[in-house]
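Here are a few short exercises to work through with the structure open beside you. Try each task before reading its solution.

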Amino acid sequence: MSDKTVELQLDDAGLAIDLPRPVDPRDVVQDVPFRPVQFRDDDLPTALERSAAWLRGAQQWLGEPVDVIAIHLDYDDQDGSPYYEVKLLCNEEDLAGAPLAVRRSE
């Protein structure tokens, strides 16, 4: 990994200022309320098992399936520092417990 810092020019939505925007008004770069939950290990099966265990626990706590839009896998297999990183892209409202609060207020 590099210690260099990269400075990005972002707008209020967190998008690159220079990013080409869709021209047609029916097309849009969406503001999606999803947040990655990361599991990192030097062993892929272990990272996957931990992510599955967390997902089961979160769903049990929430009382419904957690809204996961994507699963991202990253890895570095260089000698001396191998790692695997599993990211579950989860709905922010689910992670904040919004469904629990809604059910309690009903």
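**Exercises on fold, core and surface**

Among contacts in the chain between residues at least 6 apart in sequence, 58% join residues at least 24 apart. Keep in mind that this is a predicted model.

**Exercise 1.** Work out in what order the elements of the chain run from the N terminus.

*Solution.* Start by counting: the chain has three helices and three strands. Next, walk along from the N terminus, and the order reads β-α-β-β-α-α. Now turn to overall spread. The radius of gyration is 18 Å, well over the 13 Å that the globule rule gives for 106 residues, so the chain is more spread out than a compact globule. Along the principal axes, the C-alpha atoms fill a box of roughly 50 × 45 × 20 Å.

**Exercise 2.** Find the residues of the largest nonpolar core and the elements that supply at least two of them each.

*Solution.* First list the ten core residues: V37, F39, A47, A58, L62, V66, V86, L88, C90 and L100. Then map them onto the elements: β1 (34-41), α1 (44-62) and β3 (83-91) each supply at least two. Finally, zoom in on L88. Beyond its neighbours within four places in sequence, L88 has contacts that include V37, F39, W54, L55 and I71.

**Exercise 3.** Describe burial, exposed area and charge for the chain.

*Solution.* Begin with burial: 19% of the 106 residues are buried. The exposed area is about 8,400 Å², with 51% of it supplied by carbon and sulfur atoms. Last, count charges: there are 10 positive and 23 negative side chains, and the centres of these two sets lie 4 Å apart.

Note on methods
Residues are numbered from 1 along each chain as its sequence is written. This is a predicted model: local features need pLDDT of at least 70, side-chain atom pairs count only at pLDDT 80 or more; totals for chains, interfaces and linings use all residues. Side-chain values use heavy atoms; hydrogens and water are left out. A nonpolar core is a set of buried Ala, Val, Leu, Ile, Met, Phe, Trp, Tyr and Cys residues joined through side-chain atoms within 4.5 Å. Buried means under 20% relative accessible area, exposed over 50%, partly exposed in between (1.4 Å probe, protein chains only). Helices (H or I, at least four residues) and strands (E, at least two) are DSSP runs, numbered from the N terminus. Contact means heavy atoms within 4.5 Å. The radius of gyration is taken over C-alpha atoms; the globule rule is 2.2 Å times the number of residues to the power 0.38. Accessible areas come from the Shrake-Rupley method with a 1.4 Å probe; for residues, only the protein chains shown count as cover. Lys and Arg count as positive and Asp and Glu as negative; His and the chain ends are not counted. The place of a charge is taken as NZ of Lys, CZ of Arg, CG of Asp or CD of Glu.
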